[in-house]
Amino acid sequence: MSTENILAFLSDVRDNNSLEWMHAHEPQKKQAQADFLDFVQACIDDLSALDPSLAHLEAKDLVFRINRDTRFSQNKAPYNPVFRAHISQAGRMPIPVGYFISIAPGSSFAGGGLFAPNFKDATKMVRNAIAEQPEAFLAIVEDDAFKRRFSFVGMPLKRVPQGFDAENPAAEYLKCKCWAVEEAVPDDVVADGDALRARLLESFRAMRPFNEFLNRALEGFEFPKR
């Protein structure tokens, strides 16, 4: 398992983002993907000690494709130079929320929480939970250690949505359409597999109360039927 190899491959993809280049470097792609699967499986093993319900997961079910859908984009580059995985009981699906690994040269991060602005029912469920338990939510997200560690991703509206109290202690968070956090990880840590694994586990442990609050709020959520 070589995370240094993963980072080097993704750097090459970023600098040579074409079908021709990728086809000529298929062995490197397969090796980097195999290394990432091994790494994600190791992270599953680490997280299972905190949450045994994750022990059955297999890395191959949690990773995202590197290929981009360019049909509706002006950017026709065929690949995302990033390896990503979401470790959750539902695998890649955003609910229940889990632990997100994103490796990309210069912009790797550990993530958690809910990033699903198109699922309006989920958004309402989280808003209701925050509105009903503002002190419990604020105790997590306004904790000094939490704020120093994580960047908050909320995609906020300009106003508190209709039906919610603008004077609620957590009113700023009621404006959000997403409730997600990220902790940046520098390339020198990413390139050292053992150091990266330890950093991610530390980050995931710190965000666990945040994830647990959201998952309690989302109990009973069902994805829209296709």
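**Figure 1. Leu-138 is a buried residue of the predicted model.** The relative accessibility of Leu-138 is 19%; buried means under 20%, so Leu-138 falls in that class. Leu-138 belongs to helix α5, which covers residues 134-141. Leaving aside residues up to four places away in sequence, Leu-138 touches Asp-143, Pro-169, Ala-170 and Tyr-173. One of these partners, Pro-169, is 31 residues from Leu-138 along the chain, and the two C-alpha atoms are separated by 8.3 Å. The structure shown here and in the other figures is a predicted model.

**Figure 2. Thr-123 sits in helix α4.** This helix runs over residues 120-132. Is Thr-123 buried or exposed? Thr-123 counts as buried, at 5% relative accessibility. What does Thr-123 touch, if residues up to four places away in sequence are not counted? The partners are Ala-116, Pro-117, Cys-176, Lys-177 and Trp-179. Cys-176, one of the residues that Thr-123 touches, is also shown in the next view.

**Figure 3. The structure holds zero disulfides.** A disulfide is a covalent bond between the sulfur atoms of two cysteines. A search of the whole structure finds zero of them. For Cys-176, the closest cysteine sulfur is that of Cys-178, at 8.2 Å. A disulfide needs the two sulfur atoms within 2.5 Å, so the sulfur of Cys-178 is too far from that of Cys-176 for a bond. Cys-176 is buried, with 4% relative accessibility. Cys-43 is buried as well, and its relative accessible area is 3%.

**Figure 4. A cis peptide bond leads from Ile-95 to Pro-96.** The omega angle of this bond is near 0 degrees. Most peptide bonds are trans. Where is Pro-96 found? Pro-96 is in the loop between strand β1, residues 83-87, and strand β2, residues 99-103.

**Figure 5. Met-155 has a positive phi.** The phi angle of Met-155 is near 50 degrees, and the residue is not glycine. Most residues other than glycine have a negative phi. Met-155 lies in the loop that runs between β4 (151-153) and α7 (171-174). With a relative accessible area of 33%, Met-155 is partly exposed.

**Figure 6. The whole chain gives the setting for the close-up views.** How many helices and strands does the chain have? There are nine helices and five strands. Their order from the N terminus is α-α-α-β-β-β-α-α-α-β-α-β-α-α. The C-alpha atoms fill a box of roughly 60 × 40 × 35 Å along the principal axes. The radius of gyration is 19 Å, which agrees with the value near 17 Å for a compact globule of 226 residues. Of the 226 residues, 45% are buried. Among contacts with a separation of 6 or more, 66% are between residues 24 or more positions apart.

**Figure 7. The surface and the charged side chains are described for the chain as a whole.** The accessible surface comes to about 12100 Å². Carbon and sulfur atoms account for 49% of this surface. The chain carries 27 positive and 32 negative side chains. The centre of the positive set and the centre of the negative set lie 8 Å apart.

Notes: Residues are numbered from 1 along each chain as its sequence is written. This is a predicted model: local features need pLDDT of at least 70, side-chain atom pairs count only at pLDDT 80 or more; totals for chains, interfaces and linings use all residues. Side-chain values use heavy atoms; hydrogens and water are left out. Helices (H or I, at least four residues) and strands (E, at least two) are DSSP runs, numbered from the N terminus. The radius of gyration is taken over C-alpha atoms; the globule rule is 2.2 Å times the number of residues to the power 0.38. Buried means under 20% relative accessible area, exposed over 50%, partly exposed in between (1.4 Å probe, protein chains only). Contact means heavy atoms within 4.5 Å. Accessible areas come from the Shrake-Rupley method with a 1.4 Å probe; for residues, only the protein chains shown count as cover. Lys and Arg count as positive and Asp and Glu as negative; His and the chain ends are not counted. The place of a charge is taken as NZ of Lys, CZ of Arg, CG of Asp or CD of Glu.
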